[in-house]
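Thanks for coming, everyone. Please have the model open on your screen while I talk.

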Amino acid sequence: MTMKVYAYGVIDSNEKIDEAMKGLNDAPLFNIPYRDIGIVVSDLNTQIQKEDKKSVLKHEEVVEKLMDKFTVLPMRYLTLFSGKEQVLLMMKDYYDDFIENLDRLREKIEFGVKTIWPGDLIRERITTAHRKSDNLPLVASSSGKSFMKEKFENYKIDKEFEEEADRCIAIVDGFFNRFIAEKRLEKLKTDNLLLSASYLVDKEKRDDFKKAFEELRGSGGDLKYLLSGPWPPYNFIVLTKPNAKKFGSLDMVDSVFQRKDRT
Amino acid sequence: MDNPIKTLQDKKSYLDLRKQERVTLLEILDRALEKGVVISGDIVISVADVDLVYLGLKVLLSSVETMERLRGAPLSGATEEPT
Amino acid sequence: MNTMIETDSPEVFADEMEKLQDALPKKIEANPENAEKGLAKLVLTLIELIRKLMEKQAMRRVEAGSLTDEEIERVGETLMKLENKMKELKEIFGLKDEELNLNLGPLGDLL
């Protein structure tokens, strides 16, 4: 099994880190410096499964320890390199992005707020209401039309369901807007998981934010809430390099075509 | 001599603790598996999943979005936010 | 671990979040034994994408009232045939609906 380099996160320091910290498989951690920043890594000589719970927890533990002393850009779990040279090449490529992120995320923390609502019941309610009114602009007299009628009914139900979700989400989100620098909202990851939100908060606004969550929790209704954090800013990393996974980027299109030409 | 109430309370808080652990792990997985600094390229030898297929599909999605922009109207229910 | 979780209902959240983890393997396996199946998955996923986009577009036009009765009938017939064809193909390759999805990392799932 060849030696690989496992990366935990990019930090805003090029100095040596505390020798006592250990990473996966109890391997020592190093900070590989690149200009005025660094990337914390450890050597790895075993295969790690994606679903290996202990390894993920270890990864997270390392990143959070680093968070105490530095601004950290946490790597996605299981980011490996074949050697130190490759790591430095990557740092060179992404230096500008890393600097921008480190500056933007300094002294900030991520909180997660999840909301569960009775999606199943709401969908049922909407469906029943639609069946009752049946004011669809279609008369189902033949197979094509019947098909369309049913699809259209489902379409309308879905649409109303999502509109109701948006309304609820706006209310929940509204509790936090005053205290945040940035946010990422994931809506309806399941029918019942109304909202999975990540909020970027100044460290000094941490208590205000938690108070806002308590207000939300006390606001009544049959929604359920979960607060988690503080997290390293997993959800607020923005990379602009062509290789980075960015939606709708024309650079991305170009680089794919270039890749084709090369082969 | 066991106080039955005490035992029951212990069990409940033990179960609560297990639930908390479950949620904590899920929250960590939710972040560390898919988010953070996501690098792809020849020098990275192990990235989670998608690779070539993903790149190909992004071209498709990017083209749809570009087409919509050029037409000046959405083709489907595509939203503006990535997630 | 530093991070804390605060909630009145940990089990409800755990259940819901586990549903997301359970979403089936998203990798296109490319080894000789199941290369065919992997390719079928990819192709069918893309067809499903296009088919669903077409359906959604049709629904919007019905909503806007911009289809004649005849057009509704024709579009309906076509979409119905497409849907049935897809069901056939899925059966032939032994693929379930949940399998026809691709995780695009930070973008979430394709379908």
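Let me start with one term. A residue is called buried if 20 or more other C-beta atoms lie within 10 Å of its own. Keep that in mind for chain C. Buried residues make up 22% of its 111 residues. One caution before I go on: this is a predicted model.

So how far should we trust the prediction? The predictor gives the complex an ipTM of 0.81 and a pTM of 0.78. Chain A has a mean pLDDT of 87, and 88% of its residues reach 70 or more. Chain C averages 79, with 76% of its residues scoring at least 70. One stretch of chain A needs care. Over residues 244–263, pLDDT stays under 50. The model has 22 contacts beyond four places in sequence for that stretch.

Now, chain C itself. It has three helices and one strand. Along the sequence, the pattern is β-α-α-α. Take the contacts in chain C with a separation of 6 or more. Of these, 61% are between residues 24 or more positions apart.

Which element of chain C has the highest mean pLDDT, and which the lowest? Helix H3 of chain C has the highest, at 91. Helix H2 of chain C, residues 35–64, has the lowest, at 84.

Stay with H3 of chain C for a moment. It covers residues 69–93, which is 25 residues. At 1.5 Å a residue, it should span 36 Å. Its end C-alpha atoms are 36 Å apart, so the expected span and the model agree. The buried residues of this helix are C:Ile72, C:Glu73, C:Val75 and C:Gly76. Just after the helix comes C:Gly94, with a positive phi of about 60 degrees.

Chain B, briefly. It has two helices and one strand. From the N terminus on, they run α-β-α. Of its 83 residues, 22% are buried.

Next, how do chains A and C meet? 30 residues of chain A are in contact with 28 residues of chain C. On the chain A side, four elements give two or more residues each: helix H1 (53–69), strand E6 (108–116), helix H4 (143–174) and strand E9 (224–231). That side of chain A divides into 14 nonpolar, seven polar and nine charged residues.

Look at strand E9 of chain A. Which strand of chain C does it pair with? The partner is E1 of chain C, residues 4–7. The two run antiparallel, with four bridges. We can name some partners. A:Leu226 is bridged to C:Thr7. A:Gly229 is bridged to C:Met4.

E9 of chain A also pairs with E6 of chain A. This pairing is antiparallel too, over six bridges. Here A:Thr115 stands opposite A:Tyr225.

Is E9 of chain A mostly buried or exposed? Seven of its eight residues are buried, so the strand is largely enclosed by the rest of the structure. Now try A:Pro230, which sits in this strand. It has 19 other C-beta atoms within 10 Å. The cut-off for buried is 20 or more, so A:Pro230 counts as partly exposed. Its C-alpha atom is 10.0 Å from that of A:Met67. Along the chain, these two residues are 163 residues apart.

Last topic: the nonpolar cores. In soluble globular proteins, nonpolar side chains tend to be buried together. Here, the largest nonpolar core has 33 residues. Within this core, A:Phe111, A:Val113 and A:Tyr199 touch the most other members. Which elements supply at least two residues each? From chain A, there are E6, strand E8 (193–202), helix H5 (206–217) and E9. Helix H1 (4–32) of chain B and helix H1 (10–22) of chain C do so as well. E8 of chain A gives the most, with six residues.

There is another core, apart from this one, with 32 residues. Among them are A:Ala7, A:Ile39, A:Met67 and A:Ile237.

Back to A:Tyr199 to finish. Leave out residues up to four places away in sequence. Then A:Tyr199 touches A:Glu110, A:Phe111, A:Val113, A:Phe176, A:Ile180 and A:Lys183. Find A:Tyr199 on your screen and trace those contacts.

Notes
Residues are numbered from 1 along each chain as its sequence is written. Chains are lettered from A and ligands numbered from 1 in the order in which they are written. This is a predicted model: local features need pLDDT of at least 70, side-chain atom pairs count only at pLDDT 80 or more; totals for chains, interfaces and linings use all residues. A residue is buried if 20 or more other C-beta atoms lie within 10 Å of its own, exposed if 12 or fewer, and partly exposed in between; C-beta atoms are placed from the backbone. Two residues are in contact if their C-beta atoms, placed from the backbone, lie within 7 Å. Ala, Val, Leu, Ile, Met, Phe, Trp, Tyr, Cys and Pro count as nonpolar, Asp, Glu, Lys and Arg as charged, and the others, Gly among them, as polar. Two strands pair if DSSP finds at least two bridges between them. The expected span of a helix is 1.5 Å times one less than its number of residues. A nonpolar core is a set of buried Ala, Val, Leu, Ile, Met, Phe, Trp, Tyr and Cys residues joined through C-beta atoms within 7 Å. pLDDT is the predictor's confidence in each residue, from 0 to 100.
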